[in-house]
Structure formats: C-alpha cells, structure tokens
Amino acid sequence: MSVRIGIIGPGGIGRAHIARISDRLARGRVVAVTDIDPAHAQRVAEPIGAAVYPDDAALIDADDVDAVMVTSFGPAHEGSVVRAIEAGKPVFCEKPLAPTAAECLRIMDAEQRGGRRLVQVGFMRRYDAGYREIKATLERGELGAALIVHNRHHNPHSPQTYLEGMSITDTAIHEIDVMRFLLGEEIVSARVDKPKRTTSAFAHLSDPLMLVLRTASDVLIDVEIFVNNTYGYDIKCEVVGERGLIALSDQNATVRTSPTGRGNRIAADYNERFEAAFETELQEWIDSVQAGEIVGPTSWDGYAAAVVCDAGVRSLRAHGSQEFTVDLIEKPAFYA
Ligand code: NAD
Ligand code: ISE
C-alpha cells in the first residue's frame, strides 16, 4: 500500500515535491493539503484529488494521513513539526529544520520525548551523485586529508521577501550541512565578510557575502553566496586535499560545441540543478516510512546546521568581519 502523505505549505518546492511523488516516484501518494492561503491549497489539491484541511493540526490528525511533509516557510516549521511528532507521525521537513538553534532544540526535545525517530530534514545535497563521489573519494583516502574547501552558491535572483540573514539560514545552510556530511566533523567557527555590493539586489540585502567556516580539525571552508547573480543557479564545491583536488563537475551531462564556442547550459533553478537528488531523497524517505525506520538527515543535523547559521548571522550583523564560535550542546545518545 502507498504511503499517504499530507503536505503543509505547498509553495514553490512543495508543488515540485507533489509533482515528483505523483508522476515519478513509487509507493507514495499526496492525499491531504493545507496552506495559510486556503484558496491556494484548493488549487493545489484539486488536480491530484487530495483533501483540503483548514490548518496543520487538522491535516496531521487526519486518519488517512500516514506521514507529513512540511514545505512552508522556515519560521512556520517548528509548530508543524512538533505537532506531527506529538501525533506520532513521520515528518519530512524542508530545510531549514527551523531558522534558529533554539527552535531546533525544542523539536529535538519533542522527538526524544516521543522515544523514536520521526523527523527527516530536507538536506538534499547529501543525495547528489557528485557530492557522494567526493565523500567516497575522501573516505578512501586517495587525496590524503582535506585541508581547504571552496564553495559557490549562486541564485539568479532573490525576491523582496528574502531578508537579510537568509543568505545564511536559507541559502548557505546547504553548504553548512553538506560540509558536515563530506568531512564527517563539526564546524567550530563562522565569519562573514561583506564584499562590494551588487546593484542587482534589493536595498535591504547585503549581496554577495563570503562565509568562512573552520572545522574541529582546522579545515578552512569558504562559501561565496550570491543570490542575485542575474545569470543562473550556479553551484561549485572543490576540496583541496594533501595530494590532490576533487570538485563537482559542471552542472550538465553534456557539453555543446558550435561556432560560438564550447560550453553547457546553466541551470535556471534548484529543481533543474538537483532534480535527481530530490527524487532519490524523497523515494528513500517514502521507503523508510513504509519500512518504519527513518534513516535520512536527522533533527540533530538540522540543529547542528542552525547553530552554525546563528554564528554566521551574528557575524553578519556585527561590525567588521568578526569570527563567532559555534557552541553545540553535547550530541544526545538518541541521535548517535
Ligand atoms: P514559498 O513561499 O514558495 O512557499 C511557502 C508556502 O507555505 C506558501 O504556499 C505559503 O502560503 C505557505 N505557508 C506559509 N506559512 C504557512 C503556515 N504557517 N501554514 C501553512 N502554510 C504556510 O517557499 P518555498 O520556496 O517553496 O520554500 C519553502 C521551504 O522550502 C523553505 O523552508 C525553503 O528553505 C525550502 N526550500 C528548499 C529548497 C531545496 O533546495 N531543498 C529549495 C527551495 C525551498
Ligand atoms: C532556497 O530555499 C533553496 O533551498 C535553494 O536551494 C537555494 O539556492 C536558495 O538560495 C534558497 O532560498
């Protein structure tokens, strides 16, 4: 039998996930929808024959909802995730688990009180073939120890609702998580440097930014964040090891040669760039719900990334380029 899924806040990514589940993935079905905008919920639900609920609580409590997806905006995540945990239902929450560490701690407390893992965080870079190949290469020791990692995270445009701080909590959080995943260690400090501003961003936003992180073993990581580059969705990751380098290759499978030159298309957005990773992520989540054991990125991963974000946001707001320490609680045995 299919896993019957209820979705809370199907905006851009939520609708893309519904299309994946309905058209391309197996063993899952979206049967329930809610959104703070009821007319929008109705428009999303109708073509897939799903029921519409007035709010997250009603959807979570519905008898025919086996599992919950939270794809609303970050500040609304905590309430819905805790409610799903209290109802004993598995919950996939888009990143960030919550925008601050304090909210993530409350989610972890609720999950531990419930006594079993129910939360998976949408850190989908972990499912990308390129990052997985980098991780496997580092683990085989072929390049020696990783020393430095260079990252680039560019978006073509960001909307007016994208506020200062989101460059860290909503955008660079992908790199923060995937660095923990690749290097297998925690990040201990964060610093934000502000280069010259682009004229293409809304006035309230410092863009681009450089986020500089250091890990427990002293690996230095930089993340060039630029959410109004005007040209495309551009992601880079290059690890400098003791005996060589390994980097994500460019984003497309093909390279075209013509009289105008040699090159590949630039992805327009996260769906085009990471479609395969999203599909693997969601299929594995559906299968883990069916198997009764959630195995993807945990609430601890959501919390650990949020603590780094908190330090990054403090640095962004501080005068000059100040480094802030990342203070994690001791990892509970529950998440070992
Ligand atoms: P969006 O603004 O397009 O959609 C959010 C939806 O949630 C809207 O329909 C809105 O009406 C609804 N909503 C807001 N508050 C709500 C509440 N309290 N209850 C119910 N519905 C509510 O945003 P988006 O771009 O789809 O992003 C949503 C989440 O997904 C964010 O956390 C974002 O960081 C994450 N995201 C992840 C990726 C990725 O690459 N993994 C990509 C995009 C977005
Ligand atoms: C968005 O929420 C995402 O997760 C995208 O992958 C990222 O590139 C973008 O900056 C975020 O706002």
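Reader: In this predicted model, which element gives the largest share of the shell around ligand 2?

Author: The model is predicted. The shell around ligand 2 consists of Asn155, Asp170, Thr171, His174, Val227 and Tyr270. Helix H7 spans residues 166-183. Three residues of the shell, its largest share, come from H7.

Reader: How do the residues around ligand 2 divide by character?

Author: Asp170 and Val227 are among the residues around this ligand. The division gives one charged residue, three polar and two nonpolar.

Reader: At what angle does H7 run to S7?

Author: H7 lies across four strands: S7, S8 (187-193), S9 (209-215) and S10 (220-226). Its direction is compared with that of S7, and the angle is about 150°.

Reader: Which strands stand at the edges of the open sheet?

Author: The open sheet has seven strands with mixed pairing, in the order S12-S11-S7-S10-S9-S8-S15. Each edge strand has a single partner, so one side of each is left without a neighbour in the sheet. The average twist from one strand to the next is 15°. The edge strands are S12 (244-247) and S15 (323-325).

Reader: Which residue in S11 stands opposite Arg152?

Author: Strand S7 covers residues 146-154 and strand S11 covers residues 234-241. The two pair in the antiparallel sense over eight bridges. Opposite Arg152 stands Lys236.

Reader: Which helix gives the largest share of the shell around ligand 1?

Author: This ligand is surrounded by 24 residues, the closest being Gly9, Gly11, Ser72, Ala76 and Glu94. They divide into six charged, ten polar and eight nonpolar. The largest share is three residues, from helix H1 (residues 12-24).

Reader: What UniProt annotation covers residues 3-123?

Author: The ends of this span, taken at their C-alpha atoms, lie 21 Å apart. Helix makes up 42% of the span and strand 22%. The annotation comes from an unreviewed UniProt entry, which reads "domain: Gfo/Idh/MocA-like oxidoreductase N-terminal".

Reader: How many of the ten residues of helix H4 are buried?

Author: Helix H4 covers residues 77-86 and is mostly covered. Its buried residues are His77, Glu78, Ser80, Val81, Val82, Arg83, Ala84 and Ile85. Their cover includes strands S1 (3-8), S4 (67-70), S5 (91-94) and S6 (119-122), with helices H3 (56-61) and H5. The buried count is eight.

Reader: Which residue with a positive phi follows H4?

Author: The phi value is near 75°. The residue is Gly88.

Reader: Is Arg106 buried, exposed or partly exposed?

Author: Arg106 lies in helix H5 (residues 101-114). Beyond four places in sequence, Arg106 touches Glu78 and Val82. Burial would take 20 or more other C-beta atoms within 10 Å, and exposure 12 or fewer. Arg106 has 17, so it counts as partly exposed.

Reader: What distance separates the C-alpha atoms of Arg106 and Gly9?

Author: Gly9 is one of the closest residues to ligand 1. Along the chain, Arg106 and Gly9 are 97 residues apart. Their C-alpha atoms are separated by 21 Å.

Reader: What separates the C-alpha atoms of Glu275 and Arg20?

Author: Glu275 is in helix H8 (residues 270-291). Glu275 has 14 C-beta neighbours inside 10 Å, so it counts as partly exposed. Along the chain, Glu275 and Arg20 are 255 residues apart. Between their C-alpha atoms the separation is 9.2 Å.

Terms used
Residues are numbered from 1 along each chain as its sequence is written. Chains are lettered from A and ligands numbered from 1 in the order in which they are written. This is a predicted model: local features need pLDDT of at least 70, side-chain atom pairs count only at pLDDT 80 or more; totals for chains, interfaces and linings use all residues. UniProt positions are given in the numbering used here, feature names are shortened, and annotations may be inferred rather than shown by experiment. Two strands pair if DSSP finds at least two bridges between them. Axes are lines fitted to C-alpha atoms, for helices over the stretch in contact, and angles run from 0 to 180 degrees between N-to-C directions. Two residues are in contact if their C-beta atoms, placed from the backbone, lie within 7 Å. A residue is near a molecule or strand if its C-beta atom, placed from the backbone, lies within 6 Å of it. Ala, Val, Leu, Ile, Met, Phe, Trp, Tyr, Cys and Pro count as nonpolar, Asp, Glu, Lys and Arg as charged, and the others, Gly among them, as polar.
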